[in-house]
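Student: Could you go through this structure with me? I want to know what stands behind each term.

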Amino acid sequence: MKVVQIIGPSYSGSTVLGYILNTKKNWFFGSEVYRLLDDHLSAPGKKGKPNPQCDFCGETCEFWNSSLKNLVLENKTNSLDDVYRWFSERNPDQEVFVDGSKSLRWFSGNEKDYQIVTAKHPVRLLASFLYNERKKSGYNEESIEGFGRYVDDNVDWFFKRSVLVLRRVVNNYKEVFEKFPDAFVCKMDELHCDEFLEMRKLEQYLNVEEKSFDVFNFSQYEVHPLGGNRAPYWQAMHSKGKKESFGERDSYYNNAESFGDYKIDNKFFHIVTKSLGERVGKSSEYQELSDILGYETTFPSE
Ligand SMILES: [Zn+2]
């Protein structure tokens, strides 16, 4: 069994990429597999789920079941290698295992067959980070447009925050490229551009035929993720006809009508407002992140 490791900061599209790779026969996406390691399983009260479960099957998942978790606990393992090995022994049909554990903390010193670093335009990454911190900033609603007005009213605070966020993301990527200089950088918000040129490059890197992955219908395939970003999860629930639990935010994700979530990423138009954007665009952090990831410094057009 070969292993694909997906590395990248939050909101860079790592989960949706996993769902896409999962569409190929005998390719299995486990999402945030690190949640199975001993540090998490045997640490009750710690942040995060002490008992990680498959998003779709829960306790009854045939892949992420208590017998596998017990193996981790008995061996007190904090190595993803052990999980890959046990998984492969139990599921010999699976040819490629896709691990979306994202962080270098888990992948370091653990180079497998393929490393994909997920990226998005810096302004899109920034918008996701800021929106996720809305409660911290004092905004207690879900509305994205309303949040934009709140950003304008508090633009000094948000500018300072943006610079800190961008600096952290720059450092994160620098560290990743230092450890994995040959990794494939996948621009998730540009997968669909130039007749899927980015997708064709990814297929070449992964040594598979053209159009091996069903990018448009990823939400209709059986998948067993252990957590991760909720946008692809809601798209999958919607494709199964389960939409009754959609809140305002989830229905926004659901309205994306895209194979990935690049339309969702256009929420930056509301969040990185003109007044914030003008200042962010001139910051060295913004310039540096654009440079590292190979994006134009001009903001994307709608
Ligand atoms: Zn499952």
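Tutor: Here are short questions and answers on the terms. This is a predicted model: local features need pLDDT of at least 70, side-chain atom pairs count only at pLDDT 80 or more, and totals for chains, interfaces and linings use all residues. Residues are numbered from 1 along each chain as its sequence is written.

Student: Why is Y11 called buried?

Tutor: Count the C-beta atoms. A residue is buried if 20 or more other C-beta atoms lie within 10 Å of its own, exposed if 12 or fewer, and partly exposed in between; C-beta atoms are placed from the backbone. Y11 has 23 within 10 Å, so Y11 is buried. Y11 is found in the loop between β1 (2–7) and α1 (14–21).

Student: Why is F196 called partly exposed?

Tutor: F196 has 17 other C-beta atoms within 10 Å. That count falls between the two cut-offs, so F196 is partly exposed. F196 is found in helix α9.

Student: What is notable about phi of Y11?

Tutor: Phi of Y11 is near 70°, a positive value in a residue other than glycine. Most residues other than glycine have a negative phi. F196 also has a positive phi, near 65°.

Student: What makes α9 a helix, and how does its span compare with the expected one?

Tutor: Helices (H or I, at least four residues) and strands (E, at least two) are DSSP runs, numbered from the N terminus. Helix α9 (residues 193–206) has 14 residues, so the minimum is met. The expected span is 1.5 Å times one less than the number of residues. From first C-alpha to last, α9 reaches 19 Å, close to the 20 Å expected. Just after α9, N207 takes a positive phi of about 65°.

Student: How do you know that β1 and β4 pair?

Tutor: Two strands pair if DSSP finds at least two bridges between them. Here 4 bridges join β1 to β4 (residues 114–119), so the two strands pair. They run parallel. I6 stands opposite I116 in β4.

Student: What makes β2 and β5 edge strands?

Tutor: The open sheet has 5 strands in the order β2-β3-β1-β4-β5, with parallel pairing. β2 (27–31) and β5 (184–187) each pair on one side only.

Student: Which residues is L126 in contact with, beyond its neighbours within four places in sequence?

Tutor: Contact requires C-beta atoms, placed from the backbone, within 7 Å. L126 is in contact with S162, V165, L166, V272 and V280.

Note on methods: Two residues are in contact if their C-beta atoms, placed from the backbone, lie within 7 Å.
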